[in-house]
Protein chains: 2
Amino acid sequence: MFDYIVVGAGIVGLSTAYHIKRLDPGASVLVIDKAPGPGGGDTGRSAAAFRAFFTNKANMLLSKSSIAFYRSVQEAGFDLGMRFIGYLWLVDRRAQPRVDAALRHADALGLPYERVDLGLVEERLGLRASVRGLEEAELMGLDDVGEAILVKEAGILDPDRLVEYYYEKLRSMGVEFRFGSRVVEFIVEPRRPLGIEGEPLPWQDSRVSGVRLEGGLEARARRKVIAALGAWSDQALRAIGVDPVSKPKKRQIFVVRASTGELSQILHARGFNAEGVMPFTILPRDVLIRPEPREEAFWIGLSDNLGRPFKLEEPPAPEEHYYTLGILPVLSAYMPAFEGLYPETSWAGHYDMSPDGLPVVYEPFDSDLIVACGTSGSGIMKGDAIGRVAASLALGLEEAELADGSTMPVAWLGVQGRMAERELLII
Amino acid sequence: MFDYIVVGAGIVGLSTAYHIKRLDPGASVLVIDKAPGPGGGDTGRSAAAFRAFFTNKANMLLSKSSIAFYRSVQEAGFDLGMRFIGYLWLVDRRAQPRVDAALRHADALGLPYERVDLGLVEERLGLRASVRGLEEAELMGLDDVGEAILVKEAGILDPDRLVEYYYEKLRSMGVEFRFGSRVVEFIVEPRRPLGIEGEPLPWQDSRVSGVRLEGGLEARARRKVIAALGAWSDQALRAIGVDPVSKPKKRQIFVVRASTGELSQILHARGFNAEGVMPFTILPRDVLIRPEPREEAFWIGLSDNLGRPFKLEEPPAPEEHYYTLGILPVLSAYMPAFEGLYPETSWAGHYDMSPDGLPVVYEPFDSDLIVACGTSGSGIMKGDAIGRVAASLALGLEEAELADGSTMPVAWLGVQGRMAERELLII
């Protein structure tokens, strides 16, 4: 019997366990995961970029405070591989309305961003801003890049190091871990069992009391069970009639080596940040280029939505044609240095998508089950704060204190009383 | 090729088709359903009660204006079986905080309700308000009924007649129907097909252009496809990566005949409404009693949540033990006249549950697909207004004009910009 059981040792589960233990040091906490170690699910498969730049106020607070926390960890000597290389949006006519709306929002909130001279981007990143007249681009209906927006409070980090940080902390705090254990069932029991047929009956006051593991073991929680299941939430929770309000969508990353002098120059482009690295770059049609300077490589991705089913794949496999037909034509139109280049390696994972792009943290039916999911591709950059919100809810608090001293009503991530501002910047 | 295709001929699909045709009389509209006729899914399995009494402003507007519309239809001579018998909440200590919050809300909005003398309820409905001291009730942890709240702008109607009303109108307007046709796939295509491998590709601008039916037939829409699939939304739309934000949950109704003089007196209780019929009554633990005076019967139900999986059953089957173990102990504790009585018949259907109890109407990814679902057990009482919102969205309007002259921003039912007030009165 534990006070708290956290199911899922990804960034959300680790961070939640950490903040529960920080707020309630005497509590006993067990963390369970099906993987052989922490961060073995989609956390470790992340592109691991971060930005304090969202249009929904809750998303903004979550990311800004988490980034502040990670920065303080790194400055205190635990290297998270954080590099403030910035995000660079290369905006075509199609994306312009969305970006304009986001920038108006940023102006209202006083969020800093810069317009970068397109000539600089052409020179340093090898951008071909004007694609009109190119036969293939015309055929594809691609537009010229009209504007380049640089957000500096943004960058990349190393997800494995972030996982290690929380994991080490948790072990030193006495949190117990059980790896390689798949949860087959969340146990629903009456608060006052009567030992009668058919329990729990619909008139009984029931709770989620624990979990049943593969192999027949059970673990029970006195206080709360936290479901931090990411992309597995939908499958695991629908069985007990709990709605995680999120669904899994496959995402893919293709690694292209900076194999030419030109590509190497692009990767180590100067003039955008103090790191001397190209920014995390968003091309028209939302093709993403994430520099990985430690490996002399680019991580390249593209989030597809309509037509890509909500589905778990175990393990998720990248699709070669997704790069060759889906990404490369756009990439090489705007960045000719990539023409004819194929990925050296690739992998896939899942986003755990909420309908509005805001994470979901709530306790359904006063059941002692805390659902924490719906990170929608930004779980790492918001992870510390999501854990604080989930831990606060687990402890019965109405507000979470975030790392930068700001506070957030727990209900903002709930299913009712939710912070309903539009999020225009899901990428 | 049609201008609009509506998939689903339940209350939401019928109402949406009707309001599209009303707003755009020249448009061609096709309605498709897998059932052999209209209302053949969960609409026809509904308990078909209504109330203009919700705490979320959007829910309130939807129900109030739909009830006003149905009343005007009935007064114009098309009998919908509407009877304003009221809703009677019998409140125990456990439900008191929720009811108090709802009543504060009602006071603020000026919604009328009455406190009814418990003595009257005991006399006319055979209520046993005080269950303390009864061995079984003590064992079950039941509380005394402390208060009775009557909402008069509420009642019951005949769902089949409501379906007929829309169906007749639609046929007279020239809307086409195709019954007995199951949609196997929503077709996703590029807006500008290039005839290249792998289309639609992620960089292409794609839309939902139509549906593929069992047997290989296809139907295509020039303007919009409306998915009014109710409990089938989750299954049908996840295949194309669209989130209906709703999930199916089984609900059951047990029909108990008013077989004794005492039960007949309860069924035809005077003093609550002009109809001389007992109100739709909510006992503690949310056991519902819906009078069906035309059949000298009571329809009895109870919505279970935690532990009841989100799952489609085709066809959904009622569970005998759900009545005997789940409902009867509560029912007979508070209404001793039901002691030892078993249902003569029963049926089951699904609620199409949204996380916050508010319907969902939106167009994902500007895809020309309009999702209209998430009725959460109140599809009939909100059906006309949901159809107006969905039709307005299909026509590109930002506001829907409701039957009582009020207007509602379409975004209130969307996934972003959603009306996020708490709904305290889901039963």
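In this predicted model, A:Ala48 is buried, with a relative accessible area of 1%. The residue sits in the loop between strand 2 (29–32) and strand 3 (49–51) of chain A. Its phi is positive, about 50 degrees, although A:Ala48 is not a glycine. A:Asp366 likewise has a positive phi without being a glycine, here of about 45 degrees. This residue belongs to the loop between strand 17 (360–362) and strand 18 (369–373) of chain A. A:Asp366 counts as exposed, at 60% relative accessibility.

Cis peptide bonds were found in both chains. In chain A, the bond joins A:Glu314 and A:Pro315, with omega about -10 degrees. A:Pro315 is in the loop between strand 15 (297–302) and helix 9 of chain A. In chain B, the peptide bond from B:Glu314 to B:Pro315 is cis, and omega is near -10 degrees. B:Pro315 lies in the loop between strand 15 (297–302) and helix 9 of chain B.

The two chains superpose. A rotation of 180 degrees, with 0.0 Å of shift along its axis, places chain A on chain B with an RMSD of 0.0 Å. The copies are thus related as by a two-fold rotation axis. The same surface serves both copies, since 100% of the contact residues of chain A recur in chain B.

One contact between the chains involves B:Lys247. This lysine is found in strand 12 (residues 247–257) of chain B. B:Lys247 counts as buried, at 2% relative accessibility. Its side chain makes a polar contact of 2.6 Å with the side chain of A:Asp243. Beyond four places in sequence, B:Lys247 touches residues of both chains. Those from chain A are A:Asp234, A:Arg238, A:Asp243, A:Pro244 and A:Val245. Those from chain B are B:Asp234, B:Phe310, B:Tyr351, B:Asp352 and B:Met353.

A:Gly230 occupies the loop between strand 11 (218–227) and helix 7 (233–238) of chain A. At 24% relative accessibility, A:Gly230 counts as partly exposed. Leaving aside neighbours within four places in sequence, A:Gly230 is in contact with A:Ser246 and A:Asp352. Its C-alpha atom is separated by 9.1 Å from that of A:Gly13, and the two glycines are 217 residues apart along the chain.

Helix 2 of chain B spans residues 57–75. Its 19 residues reach 27 Å from first C-alpha to last, close to the 27 Å expected at 1.5 Å a residue. B:Asn56 caps the N-terminal end: a side-chain oxygen lies 2.7 Å from the backbone nitrogen of B:Ala58. After the helix comes B:Gly77, whose phi is positive, near 110 degrees. Buried residues of helix 2 include B:Ala58, B:Met60, B:Leu61, B:Leu62, B:Ile67, B:Phe69, B:Tyr70 and B:Val73. Polar residues are also among the buried ones, including B:Asn59, B:Ser63, B:Ser65 and B:Ser66. The cover over these buried residues includes helix 1 (11–23), helix 6 (159–172) and helix 10 (379–394) of chain B. Strand 3 (49–51) and strand 20 (407–409) of chain B also contribute to it.

Aromatic pairs number 38 over all chains. One of them, between A:Phe254 and A:Tyr322, is stacked, at 6.4 Å centre to centre and 20 degrees between the planes. This pair links distant parts of the chain, 68 residues apart. A:Phe254 is in strand 12 (residues 247–257) of chain A, and A:Tyr322 is in helix 9 (residues 320–334) of chain A. A:Phe254 is buried, with a relative accessible area of 2%, and A:Tyr322 is buried at 4%. In chain B, the rings of B:Phe254 and B:Tyr323 have their centres 5.3 Å apart and their planes at 45 degrees, so the pair is tilted. B:Phe254 lies in strand 12 of chain B and B:Tyr323 in helix 9 (residues 320–334), so the pair ties together parts 69 residues apart in sequence. B:Phe254 counts as buried at 2% relative accessibility. B:Tyr323 is buried too, with a relative accessible area of 1%. An aromatic cluster in chain A is formed by A:Tyr18, A:Phe69, A:Tyr70, A:Phe78, A:Tyr165 and A:Tyr166.

The structure holds zero disulfides over all chains. The sulfur of A:Cys373 is 18 Å from the closest cysteine sulfur, that of B:Cys373, which is too far for a bond. A:Cys373 is buried, with a relative accessible area of 2%. B:Cys373 is buried as well, with a relative accessible area of 2%.

Methods: Residues are numbered from 1 along each chain as its sequence is written. Chains are lettered from A and ligands numbered from 1 in the order in which they are written. This is a predicted model: local features need pLDDT of at least 70, side-chain atom pairs count only at pLDDT 80 or more; totals for chains, interfaces and linings use all residues. Side-chain values use heavy atoms; hydrogens and water are left out. Helices (H or I, at least four residues) and strands (E, at least two) are DSSP runs, numbered from the N terminus. The expected span of a helix is 1.5 Å times one less than its number of residues. Buried means under 20% relative accessible area, exposed over 50%, partly exposed in between (1.4 Å probe, protein chains only). Contact means heavy atoms within 4.5 Å. A polar contact is a pair of N or O atoms within 3.5 Å; within protein, one must be able to donate a hydrogen and the other to accept it, and residues adjacent in sequence count only if both atoms are side-chain atoms. Copies are superposed by least squares on the C-alpha atoms of residues with pLDDT of at least 70 in both. A disulfide is a pair of cysteine sulfur atoms within 2.5 Å. Rings of Phe, Tyr and Trp (its six-membered ring) pair if their centres lie within 6.5 Å; planes under 30 degrees apart count as stacked, over 60 as edge-to-face and the rest as tilted.
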